[in-house]
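Got the viewer open? Here is a walk through the chain, one selection at a time.

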Amino acid sequence: MPYLESKAERSKRIRAVSVFVILASLIVIAFILSMNTGFIRLSPVEVIKTLFGAGTAKQSLILFEFRLPRIIISVLLGAGLAVSGCILQALTRNALADPGILGINAGAGLMVVLFIAFFPINQAAPVFLLPFLALLGAGATAALIFALSYEKHKGISPIRMVLSGIAVAAGIAAAMIILVIKLEPNQYQFVAVWLAGSILGTSWKFVMALLPWLVVLLPFVLYKARTLNVMNMGDVTAIGLGTRVSRERLLLLAAAVALAGSCVAVGGAIGFVGLIGPHLARQLVGPRHQYLIPASALVGSLLVIVADLIGRVMIQPSEVPTGIVVAVIGAPYFLYLLARSKA
């Protein structure tokens, strides 16, 4: 029996590693295509020459100041949002949990809109403050949603949580409409683009504003993978196995909110990544979070970078915001999951 268990575990690990390699390869391919694609096209040879410092000043400007920051932001955003959704689905044992659907993204967005209304976004200090402010909004929204969905002696109700999240997100959306009406024309244009989920990362400042959050939080979440496995079995079982459920839930919820808030602050209102990423990853590598968390990050990165690429080439010279492309993919998928959960 031990031999069979070891063989089964080895088979799962090999499958997971194979999935990681395939997803990473697809991300690299999409990365390369994104560097070559845009209103001003750069051939593969020109990209390589520019990367090694042999390109023209115009090619260097396009590649290093516009395309590379945006592509890197896409990868980081996808990873952060997907892992945030993975945590929420595990903590709530709710297949429909997602920072966008639950209203956490909306809470972060409200703080960003408030900030934009009073401070110019192009200054360096405000750019680095955005994730902190988004964290405050996301945290307050998450606390409200969890309070509304909590039932005495029963804990958090998955259905009530989804309904509360939708209701809170609708209220926040109404508040944002009122705020947007009062904005100056240049501020309104920025907020309109941001609300559509258009990636703002055309500057390395945005990369540096988001990168530290993911560098700290993603390893922490991966370190807590075994804890998520245990908590996924239910509170009674987790307590019986010696897990400090309340403490661990609070820490992991804080990590999920921080990931979602920091990503929303930089990438705008991009929804459904936290829903689709973990679901597809679970089908590929199974429910064990040692494999599920990295797979979710890779699927999320691939989804956002491909959506951004499609949005940039669909109606050139204009572009479709990344959030809209993701929504076109995510909305039908969400309806499918909702119908299946009722069945």
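Select Leu 218 and show what lies around it. Leaving out residues up to four places away in sequence, Leu 218 touches Ala 79, Val 83 and Leu 259. Leu 218 itself sits in helix α8, residues 204–223. Is Leu 218 buried or partly exposed? Its relative accessibility is 22%, so it counts as partly exposed, given that buried means under 20%. Keep in mind as you click around that this is a predicted model.

Before moving on, draw a distance from Leu 218 to Lys 12. The two are 206 residues apart along the chain, and their C-alpha atoms are separated by 22 Å.

Next, go to Ile 87. Setting aside neighbours within four places in sequence, Ile 87 is in contact with Val 221, Leu 252, Ala 255, Ala 256 and Leu 259. You have already met Leu 259, as one of the residues that Leu 218 touches.

Now colour the largest nonpolar core, which has 96 residues. Which of its residues touch the most other members? They are Ile 73, Ile 87, Leu 210 and Val 273. Helix α11, residues 245–267, gives this core its largest share, 13 residues. There is also another core, lying apart from that one: it has 9 residues, including Ala 30, Leu 42, Val 47 and Leu 68. As a general point, nonpolar side chains tend to be buried together in soluble globular proteins.

Jump to Ala 95, in the loop between α3 (57–92) and α4 (104–118). With a relative accessible area of 41%, Ala 95 is partly exposed. Its contacts, leaving aside neighbours within four places in sequence, are Gln 89, Leu 275 and His 279. Try a distance here too: Ala 95 and Asn 232 are 137 residues apart in sequence, and 12 Å apart in space, C-alpha to C-alpha.

Next stop, Ala 327, which lies in helix α14, residues 322–342. It counts as partly exposed, at 29% relative accessibility. Which residues is Ala 327 in contact with, leaving aside its neighbours within four places in sequence? Look for Phe 272 and Pro 332. For a link between distant parts of the sequence, pick Gly 197: it is 130 residues from Ala 327 in sequence, but 9.6 Å away in space, C-alpha to C-alpha.

Stay in the area and select Phe 272, in the loop between α11 and α12 (273–285). Phe 272 is buried, with a relative accessible area of 19%. Check its backbone: phi is positive, about 75 degrees, although Phe 272 is not a glycine. For background, most residues other than glycine have a negative phi.

Finally, zoom out and switch to cartoon. The protein chain has 14 helices and 2 strands. Its radius of gyration is 20 Å, close to the 20 Å that the globule rule gives for 343 residues, so the chain is as compact as a globular protein of that length. Along its principal axes, the C-alpha trace spans about 65 × 55 × 35 Å.

How many of the 343 residues count as buried? The share is 50%. Of the contacts between residues at least 6 apart in sequence, 76% join residues at least 24 apart.

Turn on the surface for the last view. The accessible surface comes to about 16,100 Å², and carbon and sulfur atoms account for 71% of it. If you colour by charge, you'll find 26 positive and 11 negative side chains, with the centres of the two sets 6 Å apart.

Methods
Residues are numbered from 1 along each chain as its sequence is written. This is a predicted model: local features need pLDDT of at least 70, side-chain atom pairs count only at pLDDT 80 or more; totals for chains, interfaces and linings use all residues. Side-chain values use heavy atoms; hydrogens and water are left out. Helices (H or I, at least four residues) and strands (E, at least two) are DSSP runs, numbered from the N terminus. The radius of gyration is taken over C-alpha atoms; the globule rule is 2.2 Å times the number of residues to the power 0.38. Buried means under 20% relative accessible area, exposed over 50%, partly exposed in between (1.4 Å probe, protein chains only). Contact means heavy atoms within 4.5 Å. Accessible areas come from the Shrake-Rupley method with a 1.4 Å probe; for residues, only the protein chains shown count as cover. Lys and Arg count as positive and Asp and Glu as negative; His and the chain ends are not counted. The place of a charge is taken as NZ of Lys, CZ of Arg, CG of Asp or CD of Glu. A nonpolar core is a set of buried Ala, Val, Leu, Ile, Met, Phe, Trp, Tyr and Cys residues joined through side-chain atoms within 4.5 Å.
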